[in-house]
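I opened this entry to record what I looked up, beginning with one glycine and its surroundings and moving on to a helix pair and the chain contact.

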Amino acid sequence: MSSTITQALLNGIASGAIYGLIALGLSLQFGVMKIINFAHGSFLMIAMYLALWGCRHLGLHPLAVIPLVMAALYVVGHVTQRWLIEPIYRKEATREPIGVLIFTTGLWIFLDNLFLVLAGPDFQSPPGDWPNEVVMVGDLIFTYPQVAGFIVASAVTLLLVTFLRGTRIGRMIRATGQDREAASVLGIDSAAVYQVSFALGLAVLGVAGSLLLTIVPVDPFIGDSYGIRAFVVVVLGGIGSVGGAFWGGILVGIIESMGAQFMPVTYSEAMIFAIFLGVLYFRPAGLFGLEEA
Amino acid sequence: MRQDRLIGCAAAAVLAVLPLVFDNPYTLSVVILTLLYAYLALSWNIIGGIAGQLSLGHAAYFGIGGYTSTYLFLTYGLSPWLGMLAGAVLASAAAALIGLPCFRLRGAYFALATLAAAVILRVIVENSHELLGGPRGMEVRLLHDAPWYFQHTRKEFYYAVVVALVAVALFANYAVLRSRFGYYLTAIRNDEEAALALGVNARRCKLQAAVLSAALTAVGGTFYAQYVLFISPDKVFGGHLSVQIAVICIIGGRGTLWGPALGALLLLPAEEVARFVTGGAPGAAMMLYGLLLMVVIRFEPRGLIALARRATGCRAAPRAGVEVA
């Protein structure tokens with residue numbers, strides 16, 4: 001394997017770990033509540049702007065803002081689920097099968113354009129030289145953000161999986177995802193579980209957004225393409241499978257960076273969408289297992 | 001049914017005198033655009049409203065319509081009236097291609113697949129520099145007063161055409177809502193499992209609805225190309241257009257006969273006002289769309305038409321697609 005191909009492969013794995021992290025929250029929300037949150041990309045965009053704000057106005061290192069953004073997104077998630085989605089979700093079971101889908105579409109359009117008005121259309125990056133520094137390993141070059149992104153994303157994924165398997169709350173979340181009725185018979189308050197899992201999903205997204213900001217600049221519509229990527233990842237990894245999302249993310253990252261070697265750059269925007277349609281045609285149930293939150 | 005005819009007659013009367021009242025070109029152009037969006041929302045209604053399959057990529061069909069007729073006109077001199085039919089056929093094929101894999105699945109898959117298809121088409125067109133003019137788009141060659149080539153210097157010509165289009169779309173919705181096919185679609189929307197259990201071929205019905213909806217939308221694309229005489233990928237294939245079409249229909253009242261038209265009647269002028277008030281700030285109009293969508297789904301998911309019915313005190317006629325049990 002020539003070194004350009006190796007480099008592309010490793011670059012793909014590095015960004016893929018972040019894609020997986022972006023998709024984790026989406027997969028968790030679907031696995032537990034069976035809802036599709038179309039505003040996921042917009043929450044990612046908000047996380048990136050928050051991280052940018054932390055770097056610029058608090059003078060923090062791009063990695064030091066992670067806990068802050070995570071906490072902020074947890075709160076945003078809690079509020080969104082409690083006050084916006086839950087009232088619609090309650091009606092959903094009896095009346096509106098696509099109510100939440102349409103509602104989050106509205107939220108997505110609203111948030112993207114709100115930030116267009118607030119922050120303007122420019123692409124913005126955090127200040128400082130840290131994102132441009134590199135590590136050399138033989139012929140291969142990696143930027144600091146690539147290395148940090150891979151390590152943090154893998155660690156957070158592992159933590160979340162351990163949390164869902166090992167803790168009491170984690171088991172309550174999984175039980176609700178598997179069978180809501182049975183779980184409530186056992187005394188689990190499903191509304192509370194939904195709030196925790198939605199907020200948890202967004203907290204993870206906060207980490208992902210902070211990491212992503214060190215690799216790509218933020219603009220009001222960044223969530224569109226990365227949100228779609230998250231859906232591709234979730235579909236590839238098997239909807240609702242948290243571990244699957246990680247491997248799905250790596251796979252999408254590799255396909256993208258390898259594809260970029262053989263394709264004019266003007267087509268790259270369409271590639272992720274083409275992969276999505278391809279998966280729908282040939283493997284709608286996902287590549288890595290299915291339906292286990 | 002009597003009620004529908006009454007509203008239809010009243011609307012026809014208003015539309016007949018409208019150009020006499022609004023004789024300044026700006027107002028007339030707002031009226032024409034409003035009617036075009038009413039037509040598009042009505043087209044969307046067949047798959048998105050009556051059948052309940054959320055499509056977020058109708059710009060794909062709109063773009064196919066505009067580009068097909070314009071390409072055939074510029075290259076072969078074919079009248080856009082005929083190109084319009086070719087565009088409708090192509091858009092139907094595209095809808096079938098997108099629908100085939102998705103309709104085995106539920107919910108978000110179709111929404112995402114339609115969105116993805118629209119983006120892919122836009123990128124392909126943006127990269128077809130020689131054939132379709134790339135990102136700069138194509139201009140329709142000026143012939144001035146040539147009604148046989150779908151062109152005229154007077155706006156009243158386009159007004160008459162778009163009124164006819166709205167009438168056709170209303171009739172298509174009316175026919176679907178009253179037919180066995182319409183009842184199947186409503187059954188699928190309300191409970192697909194139950195519909196399947198009763199022997200409805202859900203996949204085929206959804207596919208037929210998608211094809212019909214796409215063909216109508218493509219005709220709207222040709223109209224747009226001839227009216228503006230210029231098309232570009234970001235205008236006719238853009239994500240905003242897809243969202244707008246869907247939102248207008250949902251806010252007005254999806255699955256109903258008059259809801260989509262009502263949505264356009266309220267939203268297009270509102271958008272125009274919002275643009276005026278904010279001085280054309282980018283994003284303001286779309287913010288309005290997003291906000292209204294959330295408010296409507298939260299408080300009256302059946303749309304503004306349900307509010308209007310309650311306000312005027314007339315009950316919905318028992319008809320497929322109005323009441324969701």
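I looked first at B:Gly66, which sits in helix 3 (residues 59-76) of chain B, where helices are DSSP runs of H or I with at least four residues, numbered from the N terminus. I note that this is a predicted model, in which local features need pLDDT of at least 70, side-chain atom pairs count only at pLDDT 80 or more, and totals for chains, interfaces and linings use all residues. Residues are numbered from 1 along each chain as its sequence is written, while chains are lettered from A and ligands numbered from 1 in the order in which they are written.

I found B:Gly66 buried, because 32 other C-beta atoms lie within 10 Å (buried requires 20 or more, with C-beta atoms placed from the backbone). Its contacts, leaving out residues up to four places away in sequence, include B:Gly221, B:Tyr224 and B:Ile231; a contact means C-beta atoms within 7 Å. I also noted that the C-alpha atoms of B:Gly66 and B:Gly220 are 7.9 Å apart, although 154 residues separate them along the chain.

In chain A, I checked helix 9 (residues 222-237) against helix 10 (residues 242-262), and they pack at about 120° with axes 8 Å apart.

Turning to the two chains, I recorded 36 residues of chain B in contact with 34 residues of chain A. Helix 5 of chain B gives the largest share of the chain B side, 12 residues.

Methods: Helices (H or I, at least four residues) and strands (E, at least two) are DSSP runs, numbered from the N terminus. A residue is buried if 20 or more other C-beta atoms lie within 10 Å of its own, exposed if 12 or fewer, and partly exposed in between; C-beta atoms are placed from the backbone. Axes are lines fitted to C-alpha atoms, for helices over the stretch in contact, and angles run from 0 to 180 degrees between N-to-C directions.
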